[in-house]
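Visitor: I should be grateful for a close look at a single part of this model, with its surroundings and the criteria behind each term.

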Amino acid sequence: YFGSSFNGPGSTSMHEMASLPPPVDSDADSIAFINAYAEEHHYGLVSCRHVEGKGRTVWSRSAFDPGDVLLVEPPLLIVEEPDTSSRPGDCPCEDRPMPAKAFEELSSVCKGLDTMHGPLWYWCALRSLTREDLGEAPRWEPLDEPLQQRLLQLHQGDPREPSEAVTAIAAHFALPDVRKLERCLQAWFHNAFDYSGERHGLAVYFFPSFMSHSCFPNAIWHCNGCDNYVLRACRSIAVGDEVAISYIDETAMIDDVLTRRNLLFTTKRFWCACERCAADYDLSRGMRCPACREGSVFARCPSEKVAEAGPADVAVEEILRPLRPSDYTDLSAGDLSLWLTMGVPALKRSSGRFYYEVKLGRGCSEPQIGWATGRFEEGSDWSGNGVGDDEHSWGADGVRNCWWHNGSQDCPDTRWSRSWVEGDVVGCAIDIDLGEMTFSENGSWEAAADFTFDPGGQSFYPAISTQGEFTLHLDTAAFQFSPLDETFKPLLEPGARPRPVDRWSPLPGAFAGSVCQNCGFRVDVEESQRLGRIERSVQRALESWDGKEDLSHEEVEQASGEILGTPLTQHVLLDKARNRLAKFHEGARNHEAQIELLRERCEFHAAAYPGLSCAHAWALEEYGDALTESAKADCGDVPRSGHRANITQMQQAQASYSVALNIFSTFFGSDREASVHLQSKINCAGKALDDMREAGDAEAPALP
């Protein structure tokens with residue numbers, strides 16, 4: 001998109017941005033250029049500053065109240081998927097480049113590759129190339145060089161070599177500068193916003209791209225009707241405050257800390273350390289106190305504070321330890337798609353014959369099960385390397401049917417009689433002195449899965465890399481099948497491990513150390529794990545609803561015990577369940593149950609998030625709608641009854657709408673569609689109240 005105009009004062013059109021002098025490459029000069037741009041086009045109200053560990057950030061040079069506009073800026077670039085229905089004959093100018101065929105070719109190339117992104121992302125990168133990059137006969141409109149300079153000044157993540165996908169795409173379109181294409185892709189990936197035009201697209205803005213993320217932001221943005229980026233204060237901002245927005249949507253802001261941090265790491269490749277993520281407690285994960293049953297205990301946020309839970313933590317880690325990533329508390333425990341490496345270094349042995357089992361659980365995928373030595377290196381972050389991916393570990397894989405060692409796979413014609421599936425038990429036997437490993441599937445020993453190695457005086461311990469759930473059986477009492485023969489011994493004596501040794505075992509810190517503010521009860525590790533198991537059972541119940549548009553009466557009845565009847569109190573999982581159940585009761589016209597569920601949702605949003613949020617406003621509006629419908633149901637479409645209960649409901653609806661309107665007006669202005677719509681609802685509720693009072697000759701009771 002070129003030639004977009006913006007008529008506000010101090011604004012910059014796309015042509016004007018293209019005419020700006022190209023920036024220099026040094027960080028100091030880059031910030032100087034950005035600040036000169038802010039001075040000219042944003043009145044100098046904001047500035048850019050480099051912060052160690054965060055990079056370039058945006059800071060306020062003026063005070064702003066909630067609702068104040070900080071800046072308005074047109075898009076630097078917008079790229080949409082081309083209209084593939086177009087044909088060259090449809091074009092009034094035969095010389096005009098037609099990108100539709102090129103996009104179709106790109107999509108075809110992407111289908112044959114293991115790409116990290118969809119075709120649109122690569123299309124944005126291709127559309128960011130200049131005539132010099134594309135050559136003499138470009139197949140789509142080249143980008144002006146000054147605009148590319150602006151784009152490449154944006155954050156691109158850590159320097160990286162061109163990916164296999166980028167290399168293949170560059171080869172297909174005969175592009176000489178593969179690194180330039182990779183840089184353009186990363187600039188889009190780290191800075192783009194979804195764009196809703198005639199077709200799906202992405203937009204990138206210049207100055208707003210330097211703002212950092214916070215799960216408790218002091219600014220919020222939206223696009224106006226001209227595709228301009230409008231930034232407003234959603235909290236008071238003082239001179240010298242950093243200006244931060246949220247990189248995740250409003251509904252995700254109410255999620256628990258682990259889910260938010262994992263989402264940000266997965267999509268933006270950083271671990272959030274904002275004031276909500278670094279707080280002592282996660283206000284979206286509250287459980288009823290096991291002692292007094294009146295107060296709540298909250299999960300502790302992932303940090304070094306977890307170590308304060310007590311000496312029992314060490315006992316857990318002595319058995320099963322996360323190895324890659326070793327900082328397991330930084331991961332969302334419920335995200336089974338994370339490929340983890342765990343092991344039992346405390347049980348390493350340098351001589352003898354030993355046996356253990358692994359039971360594959362829900363979501364288990366790409367398992368590499370076997371043994372690691374004492375030289376196996378742990379890692380604080382996930383690197384993609386697991387058991388068998390270095391010279392110090394060996395892994396059997398009955399899903400991809402291969403052996404893993406030293407980073408390479410050995411795939412013979414057959415290893416297993418059938419592929420491993422959920423519920424299978426994999427037996428792992430090792431003879432350290434002879435240098436032999438043997439594996440079984442559900443008690444059937446597979447001769448083709450034998451492996452020989454050089455022990456070299458090393459110590460060996462059980463280790464596993466996999467997605468999904470699993471359970472280790474380390475003692476005779478836990479074994480489901482017999483070892484290869486009686487000379488193979490368990491690694492644990494019977495009764496030595498009272499708690500399950502599974503994916504969840506190294507997570508004692510979720511509630512451990514949490515103190516009930518009502519009675520002072522302090523949660524220990526064992527109680528914390530019990531609460532964690534309850535959380536996971538609720539998570540599974542919610543997952544069973546995925547893909548279902550409507551719930552059945554039986555599922556709603558079941559939810560009363562499996563979800564609503566659990567110790568979850570101020571908890572995001574409970575909020576999600578209430579949301580689904582409220583929609584069920586709305587369809588069944590069970591207003592009383594619906595209103596109660598929505599009231600509890602509003603209370604949760606107000607308690608779990610410390611400021612204004614769209615999610616809270618949406619919940620309030622839905623609550624007001626339910627109250628209005630209930631009042632109408634008692635007296636027809638136009639509520640004219642003077643019944644005191646109906647008056648109270650309509651007054652509560654009006655109050656809920658008013659609070660929601662205050663949030664939307666602060667965030668987006670009073671002239672936006674959401675604000676105008678809510679004002680209309682407030683007016684209708686007020687008119688209904690007047691009619692009800694007149695009909696019943698009664699005063700509406702005052703709300704507390």
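Guide: What follows describes one sheet and then its wider setting. The model is predicted, so local features require pLDDT of at least 70 and side-chain atom pairs count only at pLDDT 80 or more, whereas totals for chains, interfaces and linings use all residues. Residues are numbered from 1 along each chain as its sequence is written, and side-chain values use heavy atoms, with hydrogens and water left out.

The part in question is an open sheet of three strands in the order β3-β9-β8, with antiparallel pairing. Strands of a sheet pair through backbone hydrogen bonds, either parallel or antiparallel. The edges are occupied by β3 (69-73) and β8 (219-223); each has a single partner strand, so one side of each is left without a neighbour in the sheet. On average, neighbouring strands here are turned by 15° against each other, direction ignored. Strands (E, at least two residues) and helices (H or I, at least four) are DSSP runs numbered from the N terminus, and two strands pair if DSSP finds at least two bridges between them. Between β8 and β9 (residues 229-233) there are five bridges, in the antiparallel sense; in β9, L231 is the bridge partner of W221.

Helix α16 (residues 644-668) lies across β8 and β9, and runs at about 75° to β8. Axes are lines fitted to C-alpha atoms, for helices over the stretch in contact, and angles run from 0 to 180 degrees between N-to-C directions. Contact means heavy atoms within 4.5 Å.

As for the setting, the protein chain has 17 helices and 28 strands. Of its 704 residues, 52% are buried, that is, under 20% relative accessible area with a 1.4 Å probe, protein chains only. Among contacts with a separation of 6 or more, 66% come from residues 24 or more positions apart.

Another strand, β12 (residues 296-300), has four of its five residues buried, so β12 is largely enclosed by the rest of the structure. It pairs with β11 (residues 281-288) in the antiparallel sense over four bridges, and V297 in β12 is the bridge partner of M287.

Among the helices, the axes of α11 (residues 525-543) and α13 (residues 572-587) come within 10 Å and cross at roughly 25°. The two are therefore roughly parallel to each other, a term for angles under 35 degrees. Where they meet, E535, V538, Q539 and L542 in α11 face L573, K576 and A577 in α13 by contact.

Methods
Buried < 20%, exposed > 50% of the residue type's maximum accessible area, 1.4 Å probe, protein only. Parallel < 35°, antiparallel > 145°, perpendicular 65-115°, else oblique.
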